[in-house]
Amino acid sequence: EELRNIRVANERVSAARLYGTLIDSWLRMEIRKQTHPGGLPTLDKEERLAACTALAVQLWTSATASLTPSQVSDVVSNAIPRLPERRYTADQAAQAIGSRTLLVRDDKGNFGFVHQSVLEWLIAKAAAELNPAGNPLLNSQRLSPLMAGFLADLAERDHLRGWVSATLADPDAPAI
């Protein structure tokens, strides 16, 4: 139904819109699973998305495949400033994000995204919201064709043109 609504409203279901809808739906489903009468108030969708985006930025800019539980805890506590008022410790919030969002654990107990494309959508969305022109996120690594498509769908055309022009003119920029 959500995808039909996108189709009706926008006439085209792009990969970026599809991922946005699926991620939104996934986060809402995980909130429902974690909501219990008498329990702590669960982290809301915006907090979960902010934490996942911050984790994606950390992975993308460091060019690593996973983060340790301690790193996840640090990133999540910085991404969700309302943890104390929600009565969450950084470790509790990291557990909620690590077990009830878009992450999976590897055989060493470290966290990474369920798929590289999810990380790339989060980075493209963050870059588009910050204006791709001059954005260091886009100069950290080479963009995959899928990520470039996400960015093309999410960013304003003038900002995207500025970033492409600046990147092509910079001999030290990663290839696009």
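1. Among contacts in the protein chain between residues at least 6 apart in sequence, what percentage join residues at least 24 apart? The figure is 59%. Keep in mind that we're looking at a predicted model here.

2. On to the fold. I get eight helices and two strands for the protein chain. Reading from the N terminus, the order is α-α-α-α-α-β-β-α-α-α. The radius of gyration comes out at 17 Å, close to the 16 Å that the globule rule gives for 176 residues, so the chain is as compact as a globular protein of that length. The C-alpha trace spans about 55 × 40 × 30 Å along its principal axes.

3. Now for burial and surface. Of the 176 residues in the protein chain, 38% count as buried. The accessible surface adds up to about 9700 Å², and carbon and sulfur atoms account for 53% of that area.

4. A quick word on charge. The protein chain carries 19 positive and 20 negative charges, and the mean positions of these two sets are 6 Å apart.

5. One residue to click on is Ala-51, which sits in helix α3 (residues 45–62). Its relative accessible area is 0%, and with buried meaning under 20%, Ala-51 is therefore buried.

6. What does Ala-51 touch, leaving aside residues up to four places away in sequence? Its partners are Val-76, Ala-79, Ile-80 and Ile-97. As for Lys-33, this residue is 18 residues from Ala-51 along the chain, and the C-alpha atoms of the two are separated by 18 Å.

Key. Residues are numbered from 1 along each chain as its sequence is written. This is a predicted model: local features need pLDDT of at least 70, side-chain atom pairs count only at pLDDT 80 or more; totals for chains, interfaces and linings use all residues. Side-chain values use heavy atoms; hydrogens and water are left out. Helices (H or I, at least four residues) and strands (E, at least two) are DSSP runs, numbered from the N terminus. The radius of gyration is taken over C-alpha atoms; the globule rule is 2.2 Å times the number of residues to the power 0.38. Buried means under 20% relative accessible area, exposed over 50%, partly exposed in between (1.4 Å probe, protein chains only). Contact means heavy atoms within 4.5 Å. Accessible areas come from the Shrake-Rupley method with a 1.4 Å probe; for residues, only the protein chains shown count as cover. Lys and Arg count as positive and Asp and Glu as negative; His and the chain ends are not counted. The place of a charge is taken as NZ of Lys, CZ of Arg, CG of Asp or CD of Glu.
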